[in-house]
Structure formats: C-alpha cells, structure tokens
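Got the viewer open and a selection box ready? Here is a walk through the model, one stop at a time.

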Amino acid sequence: VCLHNGAVCVVPITENGEIIMERQFRYPFNEVIWEIPAGKIDKGETPDKTAIRELEEECGYRAGRVELLLEVYPTPGYTSEKIYIYRAYDLVKTQTHFDDDENLTSKWFTKEELLDMITKGVIKDGKTLIALLSVLK
C-alpha cells in the first residue's frame with residue numbers, strides 16, 4: 001500500500017459559467033493532457049487551503065471561497081490517496097507561481113465545449129472527469 005497525504009482538485013467557475021482547464025505533460029503517459037487545477041496537500045495544510053493555493057499557483061486566480069463537492073478514492077486497491085474536489089467562486093486575477101517541475105498552460109472553456117471534449121475522449125484524467133461531470137449536470 002502506498003500511503004498518501006491526500007490531494008485536491010478545483011473547478012473554478014466564472015459567473016458566466018466558464019471553467020478553466022490546464023494542459024500539462026504527464027510523464028507516465030508521455031502525453032500532454034487536459035486537467036483542472038490540482039495538487040498534493042502539504043503537511044499541516046487543510047484541503048480547502050490547498051485548493052485555494054493550487055488554483056492561484058497554477059492558474060493565477062485567487063478564490064474568494066471554495067466549496068467541497070466530493071471526496072473520491074482514485075485507486076483504493078493500492079493507495080490511501082483521497083482527492084477532495086472543490087468548486088471555486090469569486091475569482092480574482094493574480095499571477096501564477098509554478099513549482100520548478102511544472103510547465104503548463106491554461107484556458108477557459110464553456111460548458112458546451114467541455115461536454116464535447118468529454119464525449120470525444122479528449123479529457124482523460126479521472127479526477128477531472130468526475131469533477132466536471134458533477135458540476136456540468
């Protein structure tokens with residue numbers, strides 16, 4: 001069993017319903033994929049603080065508030081990882097603060113564009129699919 005401190009992912013939604021996604025290279029698949037902002041929970045950090053921090057670091061937006069939507073166990077057969085899925089509100093533009101090993105770009109999408117990407121298999125990341133389907137219903 002791989003013990004894991006947990007992680008968060010964030011669905012940042014504007015007042016007009018657009019959602020920001022990021023493109024990031026993922027080494028295990030040798031592929032650049034679309035994901036929502038996400039990251040590991042630091043020791044001593046609460047999941048909601050992680051959600052706010054990761055959104056700003058990766059996309060350059062600070063959330064006025066976040067709401068916990070779901071908790072999921074992505075691979076319960078071999079790891080204790082739990083992912084907390086948040087929705088972010090009241091977004092304020094700031095600037096990104098990438099980790100040394102991060103190289104990503106972000107883009108805003110409409111609900112229709114995201115549903116089309118899901119249907120066509122463009123979005124392959126499990127946490128992103130769960131999060132998007134929970135808010136796009």
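Two strands count as paired when DSSP finds at least two bridges between them. Keep that in mind for the sheets, and remember throughout that this is a predicted model.

**Stop one: the three-stranded sheet.** Select strand 2 (19-26) and strand 3 (31-35). They run antiparallel, joined by five bridges. Pick out Glu22 and you'll find its bridge partner, Glu35, in strand 3. Now add strand 7 (104-109) to the selection. You have an open sheet of three strands in the order 3-2-7, paired antiparallel. Strand 3 and strand 7 are the edges: each has a single partner strand, so one side of each goes without a neighbour in the sheet. Turn the view a little and look for the twist, which averages 25 degrees from one strand to the next.

Next, bring in helix 3 (126-135). Helix 3 lies across strand 2 and strand 3, and its direction is at about 170 degrees to that of strand 2.

**Stop two: the loop at Asn30.** Go to the loop between strand 2 and strand 3, where Asn30 sits. Which sign does the phi of Asn30 have? Positive, at about 50 degrees, although Asn30 is not a glycine. Most residues other than glycine have a negative phi. Asn30 counts as exposed because its relative accessibility, 63%, is over the 50% cut-off. While you have backbone angles on screen, jump to Asp90 in strand 6. Asp90 has a positive phi too, near 55 degrees, and is likewise a residue other than glycine.

**Stop three: strand 1.** Select strand 1 (7-12). Is it mostly covered or mostly open? Mostly covered: six of its six residues are buried. Show the side chains and look along the strand: Ala7, Cys9 and Val11 point one way, Val8, Val10 and Pro12 point the other way, and all are buried.

Strand 1 has pairing to explore as well. With strand 4 (38-40), strand 1 runs antiparallel over three bridges. Ala7 stands opposite Lys40 there. With strand 6 (residues 83-93), strand 1 pairs in the parallel sense over six bridges. For a landmark, take Val8, whose bridge partner in strand 6 is Tyr84.

**Stop four: the largest pocket.** Rolling a probe the size of a water molecule over the atoms shows where empty space is left. The largest pocket here has a volume of about 1000 Å³. Its lining takes in 36 residues, and the closest to the centre are Arg26, Glu35, Ala38, Asp125 and Lys127. Select those five and centre the view on them. You've already met Glu35, as the bridge partner of Glu22.

Elements that each give two or more residues to the lining include strand 1, strand 3, strand 4, helix 1 (47-59) and helix 3. Which strand gives the most? Strand 2, with four residues. Colour the lining by class and you get 15 nonpolar, five polar and 16 charged residues.

**Last stop: Lys111.** Select Lys111, in helix 2 (residues 111-119). Lys111 is partly exposed because its relative accessible area, 35%, falls between the 20% and 50% cut-offs. Beyond its neighbours within four places in sequence, Lys111 is in contact with Gly17, Leu136 and Lys137. To finish, draw a distance from Lys111 to Ile83: they are 28 residues apart in sequence, and 23 Å separates them C-alpha to C-alpha.

How values were computed. Residues numbered from 1 in each chain as written. Predicted model: local features only at pLDDT ≥ 70, side-chain atom pairs only at ≥ 80, totals over all residues. Heavy atoms only, no water. 1 Å grid on protein atoms, 1.4 Å probe; cavity = no way out; pocket = protein on both sides within 12 Å on 5 of 7 lines; lining within 4 Å. Points joined across faces, edges and corners; volume = space filled by probe spheres on them. Nonpolar A, V, L, I, M, F, W, Y, C, P; charged D, E, K, R; others polar. Axes fitted to C-alpha atoms, helices over the stretch in contact; angles between N-to-C directions. Contact = heavy atoms within 4.5 Å. Buried < 20%, exposed > 50% of the residue type's maximum accessible area, 1.4 Å probe, protein only.
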